[in-house]
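Me: I should like to go through this structure by asking what lies behind each term. Please set every value against its definition.

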There are 2 protein chains.
Amino acid sequence: MEISALQKERANYQPKLPIALQGAVKVKEGALTQSVDNQEDIKKLFPNTYGMPLVEFEPATEFNNAKMNVGVILSGGQAPGGHNVISGLFDEIKKLNPENRLFGFLMGPGGLVDHKYLEITAENLQAYRNTGGFDMIGSGRTKLEKEEQFEKGLEIIRKLDIKAIVIIGGDDSNTNACVLAEYYAAKKYGVQVIGCPKTIDGDLKNDQIETSFGFDTATKTYSELIGNIERDCNSARKYWHFIKLMGRSASHIALECALQTQPNICLISEEIEAKDMSLNAIVEDIAKTVAYRANQGNNFGVVLIPEGLIEFIPSIGRLIQELNDLLAAHGDEYLNLDKVAQREYILAHLSSENKSTFETLPEGVARQLSLDRDPHGNVQVSLIETEKLISEMVGVKLDQWKKEGKYNGKFSPLHHFFGYEGRCAAPSNFDADYCYALGSSAAQLIANGKTGYMAIVKNTIAGTDKWLAGGVPITMMMNMEKRNGEMKPVIRKALVELNGAPFKAFVAQREKWAKETCYVYPGPIQYWGASSVCDITTKTLFLEQNK
Amino acid sequence: MEISALQKERANYQPKLPIALQGAVKVKEGALTQSVDNQEDIKKLFPNTYGMPLVEFEPATEFNNAKMNVGVILSGGQAPGGHNVISGLFDEIKKLNPENRLFGFLMGPGGLVDHKYLEITAENLQAYRNTGGFDMIGSGRTKLEKEEQFEKGLEIIRKLDIKAIVIIGGDDSNTNACVLAEYYAAKKYGVQVIGCPKTIDGDLKNDQIETSFGFDTATKTYSELIGNIERDCNSARKYWHFIKLMGRSASHIALECALQTQPNICLISEEIEAKDMSLNAIVEDIAKTVAYRANQGNNFGVVLIPEGLIEFIPSIGRLIQELNDLLAAHGDEYLNLDKVAQREYILAHLSSENKSTFETLPEGVARQLSLDRDPHGNVQVSLIETEKLISEMVGVKLDQWKKEGKYNGKFSPLHHFFGYEGRCAAPSNFDADYCYALGSSAAQLIANGKTGYMAIVKNTIAGTDKWLAGGVPITMMMNMEKRNGEMKPVIRKALVELNGAPFKAFVAQREKWAKETCYVYPGPIQYWGASSVCDITTKTLFLEQNK
């Protein structure tokens, strides 16, 4: 296998650990915990894993030589650092007892159910240390939620003499980890389950989890690209770049990239929802900035758009809801009409508010909303190229203003979507260390008999040796939410908080960024050199934790 | 102005110079030169700048204290390192004589004609050392080719007491630099003109020019992204990524990125043209690889597509030619038809070969070819999203094979276009040094009275101190080519040579890359750390020069 020069050098990087995890480790238990909401419901659903104490690790004098085999699973979308969680876990269980073995279940949670696994050894792990991607054991989206899956998994757990399963995933996967932990505890199977907070989206965080891994590297990679485009934009001075950024629903990625690169405009879905802004209002805001800059002789700019935007625009949400209902009720009748008649049919049946929203949409988007449906009959919002939709509407608005004599510039939009470019980047020093510490913590939680916990590392804006490692009961982060019409216990998803420090920092500067040209060019992630360059955290993490 | 942590550190980087340029410099003249072809024609057109000797710099004991002001122009598309050419030029003319002044003409060659300029000083230059972009003085695409422009430029040259103009640009801009040099020489104005080889496309190279600046950084940036996508692809194992890469016509960028990242497929326009491959044959080749991999259980892959591809497919070229002629002759008649009738009209009038090519095209592309025309009535090839066109046709082919029982996989394509992400990246160490040496060489060519030369640096795969700096008469690289129906003297554009070492290295491995998964993940450009990581050249340069 041919590997790159960087990968060769990077393989030698020894991730740094918090002091508590550098030698022998003991557990300090904190106060008993409560779930963030719906305590009675959560307690009833998780009688064996509810209310446990917070755990923090401390240096000890005596080694715990726990004999334990461990299974590890990567769940959901890729995030930089997954291989380092595995490395940290591997090194820590071997430190505990060299006879301990680590098994990686293949292609996600399905590997546990289907009994597909790979034993992870010092040899086969070497090539994956400090690398991006989940390619060592693969990932998958199978949901662990049925008893038959749990029982099927138990067979291979017994066969391999596995003491605990570590599930590396986002909010849903960690919720499922807790359900599995509860099930095995209730059945007294003696199998522990530990979670690890992964997602580039940054929406798995709370009082206990300062950040999910991968967010640091992914946002730095996107910011490198946005900065490069800004520099191009500021050199050519003739294009407006509309850049859509991955991020299922929350706008953390867009916000972080904005703080790093200072674009002219960045939309934040959570703000748009809170203000009940219409698509037209968003477009008008952007067009105003384009017109202002044109007036200054600057027919160029950069706009960041979070991927999940469309679903956060309340008026579009209401329109989609009514369209779904309308077409579910009258689908056959509607399908037999030609395109023009379909449009008329829809306009005739929509309520007046939704009708006027529908009428403002460019034809292609309107057709997409009213024609292409998923197997459940729902509008496929993710197919809408939001960045093109918005730039097209801005163009229409500007043409209108030009006719009215209110605008006299040139508007040439270009479009980009960044997502896959960052999910598997080689982890930054921060993510390399953070993930390694998470894996190491997970091993210690297992060695200390914990289940239903998530591994955590805190105080992450300090130097690595000052980081605090431990565990948090997953139930502590849960509340009840409606999912597919049913109330379910879930880890509360962290959206961008409009009174949080990162958003406030953005708001304080955005008008200046819109009018002037304040681009910052972060450049590519550096692994060596000045600490001020290669060890910086995200702006989001710094602003949130620097209290 | 807020600048990034990387930019702060990078500002302190002192680019390395070849030994000959480190202290006092003298000129060693080589043999007199001939143009690469059409010697008589070129000699007639350039009586004052034809046949001059090659120039190489050597260390000297006595300093030449030439008193000279210089003007510098950035021409055409951005390329990483432009600011370092300016820095090298600035530092060298100040070394010659601290009273020397440097003026940057704004927004490209137009700045010379319109008398828009900025004096470059140690202070305002500091923030741009080792940075990407052309934002310090901007760039533009105005062509310097008319006498009135030359005379208008002379006014400001006289006013600022400028001895020489340095034009940083691609093949066309350097051709124009030579025309300007010849004009000023013929008129005995005593104004020198020097060129510098810039383009990320890599198509300005020959026996004298080993590489154009920016190619190194841009291809490393694209390779970082391609590698990240490959890692994602190999982790998720469910997508085929079709990645289009910038590069006006030559496929050097795609080839270099393929050598760096080892994708499953990389199309090379020059090969497709040489083999007279049809679009259908290209599609069938790709579909075969998709089917082969599906058969191995690998429903994923990465395909690189050079931006200029479409124009290199001979059958498409012939079709476009006939469509242009047909619609020029019968435009009005045609325009009044509806879409269906237009298609029938075209099919009825095309020759049988072009008709069958037209029929293989997806409907959207066929319509684009037959409807959207530029102001000169020509098909707008650049509007065609080649990556989507090809993946769509591959999908159709696979569906057909599925029906015939020849294929039983899943094909989910995703699309990317990388271009703007790399044009303004912060220059790699190679480009930072190379550009600085080019700027320094340009200053010495001026100090030694040369005009109509391009600054060059050779032996670039050796350590920087072993680099050889000098100049080459621009006429040496010229021949006569047809442009817009007229024979013109131009610098011969370097396409990918099918018997060149880089292409051969690619061919030797591509079958293996197609069948197996041999991805290499280069990661982001590093500026500090092991020389094996931060000082590597491109594979193209190494393979071409390592004779």
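Me: Which residue of β12(B) stands opposite I194(B)?

Reply: I194(B) stands opposite Y453(B) in β12(B). The model is predicted: local features need pLDDT of at least 70 and side-chain atom pairs count only at pLDDT 80 or more, while totals for chains, interfaces and linings use all residues. Residues are numbered from 1 along each chain as its sequence is written, chains are lettered from A and ligands numbered from 1 in the order in which they are written, and side-chain values use heavy atoms, with hydrogens and water left out.

Me: What makes β7(B) and β12(B) a pair?

Reply: Two strands pair if DSSP finds at least two bridges between them. Two bridges join β7(B) to strand β12 (residues 453-458) of chain B, so the criterion of at least two is met. These strands run parallel. The strands themselves are DSSP runs (E, at least two residues), as helices are (H or I, at least four), numbered from the N terminus.

Me: How many bridges join β6(B) to β7(B), and which residue is the bridge partner of V166(B)?

Reply: Six bridges join strand β6 (residues 162-169) of chain B to β7(B), again in the parallel sense. The partner of V166(B) in β7(B) is I194(B).

Me: What is the hand of the crossover from β6(B) to β7(B)?

Reply: The chain passes from β6(B) through helix α7 (residues 171-186) of chain B to β7(B), and this β-α-β crossover is right-handed. The term applies if, with the strands pointing away from the viewer, the path from the first strand over the helix to the second runs clockwise.

Me: Why is β7(B) described as largely enclosed?

Reply: Buried means under 20% relative accessible area, exposed over 50%, and partly exposed in between (1.4 Å probe, protein chains only). Six of the six residues of β7 (residues 192-197) of chain B are buried, so the strand is largely enclosed by the rest of the structure. In a regular strand the side chains alternate between the two faces of the sheet. Here Q192(B), I194(B) and C196(B) are buried on one side, and V193(B), G195(B) and P197(B) on the other.

Me: Is R237(B) buried, partly exposed or exposed, and what of Q262(A)?

Reply: R237(B) has a relative accessible area of 32% and is therefore partly exposed. Q262(A), with 3%, is buried. Q262(A) lies in the loop between α9 (252-261) and β9 (265-266) of chain A and has a positive phi of about 50° although it is not a glycine. R237(B), in the loop between α8 (215-236) and β8 (240-245) of chain B, likewise has a positive phi, near 55°.

Me: Why is the relation between chains A and B that of a two-fold axis?

Reply: Copies are superposed by least squares on the C-alpha atoms of residues with pLDDT of at least 70 in both. Chain B can be laid on chain A with an RMSD of 0.0 Å by a turn of 180° and a shift of 0.0 Å along the axis. That is therefore the relation of a two-fold axis. The same surface serves both copies, as 100% of the contact residues of chain B (heavy atoms within 4.5 Å) recur in chain A.
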